[in-house]
Amino acid sequence: MKKRNGSTLLLSAIMMMSLLSACGGNANNTADSANSGSTGSSGAGKDTITALLPPVSANYQARFADMEKEFNALHPNLTLKIEPASWEDMTQKLDTQVNAGSPPDIAWIGASGLSKYAALDVLIDLNPVLSDEVKADYDEVPMKYFQLGDAQYGLPAYMEIHTIGGNKQFLEEAGIDWKSIQQNGWTYDEFRKAIAKGVVKNDKGETSRYGFVFATSGVTSKDYLAILAKTAGLPDYFDKDLKYTYTSKKFLGLLTAIREMIDDGSMPKELSSIDAGKRWNMFLTGQTMITGKGLSAFENSARLNNEKIKANDGSAVADSIEVDYISLPVPTFNGADYIPTSIVDGYIALRGKKEPSEEHIKNIALAVNFLSSGSIAANYSNELFLTPITESARKAEVLEKFPRNEDNVAAGKAMMAKALPARTDIPTEQAAEALKIETEVIIPKLQALLADEITPQEMYDAVKAAAVKSFGEDGVVAD
Amino acid sequence: MNQLLTKRKKLKLESDSGWGYAFIAVALIAFSLFTAYPVINAFIISLQKYRPLGSTYVGLENFVNSFSDELFWKALKNTLVYTLLTVPFNILLSFLVAILIMPFKKKTQTIFKAVYYLPAVASGVSLAVVWLWIFDPLKSGIANQAVGLFGISNQNWLGSSATAMFSLVLMSWLSSHGTAIIIYLAALLSIDNSYYEAADIDGATFLQKLRYIVIPFLKPTTLFLLVTGVIGSFQVFQNAYLMTGGGPDHATTMVGLLIFNNAFTYFEFGEAAAQSLLLAAVIALISFFQFKILGKDIEY
């Protein structure tokens, strides 16, 4: 009998153990691998560095196995373990791991998300372990995007300028000197007239082609506003005195312009529901002359679709036409200077509940630099039609060559030259408060403005009220 | 001899009860780990400013913040409106479909059941993508083509406050009734035929049979569907997240979406946990009243 009772207890214990291990196993393993600080001193003899990476370019993830091997060849005492993630679940996967206290050592993020992770105190400052030689390899402007205060929380992978993209044929039909605009830019008044010329109506008086279509559905409205705000004299949420800037009259001017472009009929009245896929489809099918936001890689997407049309390939976008993609700068508002929206993405170094050793941090820095420079960076930059941001990548050979529009290349360089470094002086609490105003007030109110449910003044008043509530009368710009 | 038998019986009993405890333990452990622990942990987190590497105790601050947050009340109101518009209609529609399917032969019934159940099997994300296509704001959208037949101009279905909530409600009305239909059908088939035969002898009409036999017998099922429907509807998140993002101007921000944003956009897990518990309390309160009011004369 005792034997039976014993077996019962044993079975119960096994069941309990298996349930517990099933729940906690993954997190514990990750934590160990992520934070096992000892290089070469552990039983396994090797320090493992984990990285969570999305499909940065078409062939990026396909090269993971080679990247791991190459890193191991360079550093025989280290193992680089890369976990792929899709763009859709990248942030969620990372955030879940961060909140469980067991993040990967390295993760890919947009530099704008840096303050979010800094506020959680999970970032590792790589400054003490990065050699001067490594630091010198990176261009100064993108490098700053991964800094907060004096800390270097990661390294940039690439820098991209958000442009708008035009259909060459339609631009020329509308009498727009796109080459001059590429080099000299344009004001809002010039832009407003140009997009009005791009509108085409059918016999019934319905618009068959718009002058300008920007994706503004849901959170993409944030991109629209932020990109235009940069060239409207509002390069950041805070000015140099750390006062909130969207309370400036410049913001009201921008909102008025946003409404005007819809009221003119140059943009669809249904703009608030147009997402990124829809506006690109509208561009390829000739339903708009200019599309936003533009990325360098879109030139290649348009070229590939042109080839499919020529080859009568059924996988070409339905009803699409051949398009020569022209990169154009965002117009300037309120007489402000042109400041391009620079998007810098890259790799951050993370720590979990267990404090990583100095040796492990050094190894993370080695892996981050390995991923963001040299031939790896050269290849994804090339695939994305970007100029590499490290000297080592610029010198490295690329695996494939792509034909490019030389005018777009020159325009890209001209715009890139005006890019400003990121602000590193904004306290994380203040940045977090601005993010909350953006999510809870700016985006919802902008959606309502685009849907013609509120006026620019009403939106401006709502944002001002929220900003004053958060930062006080003295904490906001009053002009 | 008697003593020996008694001892054996006792031992067998002890042995059986041992196995009993072991099997109960499995369910108890699963419940503790996956239900009780998350709820207790959510309560603990709701009293903290949660940070992965070290949280601080803030007492009831997260609850106070939630109560004083206009958006929380707006989200609660949106969720209530959505629930009131979807749950009763969905139950009624499921009931009507079940009644219509009922007279068919078993094979035909199965075909209908499978067809109606299909959306419940399909991924919610795929369904949302299809509905996004239906609600395309330009002329190419199916919904716009449909209203165009009646001379109505293009509608900005998901982008306008006037239509965004209705669009989500319409989506709920026209999908995912499969489970309720099957439950109703099972309940309908369980009603003894003798009741109908007696009613036929008394010359009862179809509506009289519905009023005096079907509806009373289906009351427990209706209450079950109402309670689970309200619970599901109060927890709605996916469609608002995927189709409108809560916009425009928070016209479709539901409590579930607000909790998600607090947790995963702002990393304010403390406030998210507090709002989750408040939502649970609201659901519990509504369920209590549903049972209290509608469950009085139910015979199970």
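This briefing walks through a two-chain model, from overall shape to the interface and a few backbone oddities. The model is predicted, and it scores ipTM 0.76 and pTM 0.81. Chain A and chain B bury about 3600 Å² between them, and the contact draws on 43 residues from chain A and 38 residues from chain B.

**How far to trust it**

- Chain A has a mean pLDDT of 89, with 90% of its residues at 70 or more.
- One part of chain A to treat with care is residues 14–43, where pLDDT stays under 50. The model still gives that stretch 47 contacts beyond four places in sequence.
- Chain B also averages a pLDDT of 89, and 94% of its residues score at least 70.
- Within chain B, confidence bottoms out in helix H1 (residues 2–46) of chain B, at a mean of 83. The high point is helix H2 (residues 61–68) of chain B, at 95.

**Overall shape of each chain**

- Chain A is built with 19 helices and 11 strands. Its radius of gyration is 25 Å, close to the 23 Å that the globule rule gives for 479 residues, so chain A is as compact as a globular protein of that length.
- Put in a box along the principal axes, the C-alpha atoms of chain A take up roughly 90 × 55 × 55 Å.
- Chain B has 14 helices and 2 strands. Chain B has a radius of gyration of 25 Å, well over the 19 Å that the globule rule gives for 300 residues, so it is more spread out than a compact globule.
- For chain B, the C-alpha box along the principal axes is roughly 95 × 75 × 35 Å.

**Where the chains meet**

- Of the area buried between chain A and chain B, 63% is on carbon and sulfur atoms.
- There's polar chemistry here too: 14 residue pairs are in polar contact between chain A and chain B, counting pairs with both residues at pLDDT 80 or more.
- On the chain A side, at least two residues each come from helix H1 (2–35), helix H3 (87–99), helix H4 (114–119), helix H12 (276–284) and helix H18 (428–450) of chain A.
- H1(A) gives the most to the side of chain A that touches chain B, with 9 residues.
- That side of chain A splits into 19 nonpolar, 10 polar and 14 charged residues.

**Salt bridges**

- Over all chains, a search of the whole structure turns up 24 salt bridges, and 3 salt bridges cross the interface of chain A and chain B.
- A:Lys278 pairs with B:Asp136 in a salt bridge, with the closest N and O atoms 2.8 Å apart.
- Inside chain A, A:Lys93 forms a salt bridge with A:Glu83, the closest N and O atoms being 3.2 Å apart. This pair links distant parts of the chain, joining helix H3 of chain A to strand E2 (residues 78–84) of chain A across 10 residues.

**Backbone spots worth a look**

- Most residues other than glycine have a negative phi, and most peptide bonds are trans.
- The peptide bond from A:Gly292 to A:Lys293 is cis, with omega near -10°; A:Lys293 sits in strand E9 (residues 288–294) of chain A.
- Chain B has a cis peptide bond from B:Gly247 to B:Pro248, with omega near -10°. B:Pro248 lies in the loop between helix H12 (238–244) and helix H13 (255–265) of chain B.
- A:Asn334 isn't a glycine, yet has a positive phi of about 55°. You'll find A:Asn334 in the loop between strand E10 (325–328) and strand E11 (341–349) of chain A.

Definitions and conventions. Residues are numbered from 1 along each chain as its sequence is written. Chains are lettered from A and ligands numbered from 1 in the order in which they are written. This is a predicted model: local features need pLDDT of at least 70, side-chain atom pairs count only at pLDDT 80 or more; totals for chains, interfaces and linings use all residues. Side-chain values use heavy atoms; hydrogens and water are left out. Contact means heavy atoms within 4.5 Å. Buried area is the accessible area (1.4 Å probe) that two parts lose on being put together, summed over both. A salt bridge is a side-chain nitrogen of Lys or Arg within 4 Å of a carboxyl oxygen of Asp or Glu. A polar contact is a pair of N or O atoms within 3.5 Å; within protein, one must be able to donate a hydrogen and the other to accept it, and residues adjacent in sequence count only if both atoms are side-chain atoms. Helices (H or I, at least four residues) and strands (E, at least two) are DSSP runs, numbered from the N terminus. Ala, Val, Leu, Ile, Met, Phe, Trp, Tyr, Cys and Pro count as nonpolar, Asp, Glu, Lys and Arg as charged, and the others, Gly among them, as polar. pLDDT is the predictor's confidence in each residue, from 0 to 100. The radius of gyration is taken over C-alpha atoms; the globule rule is 2.2 Å times the number of residues to the power 0.38.
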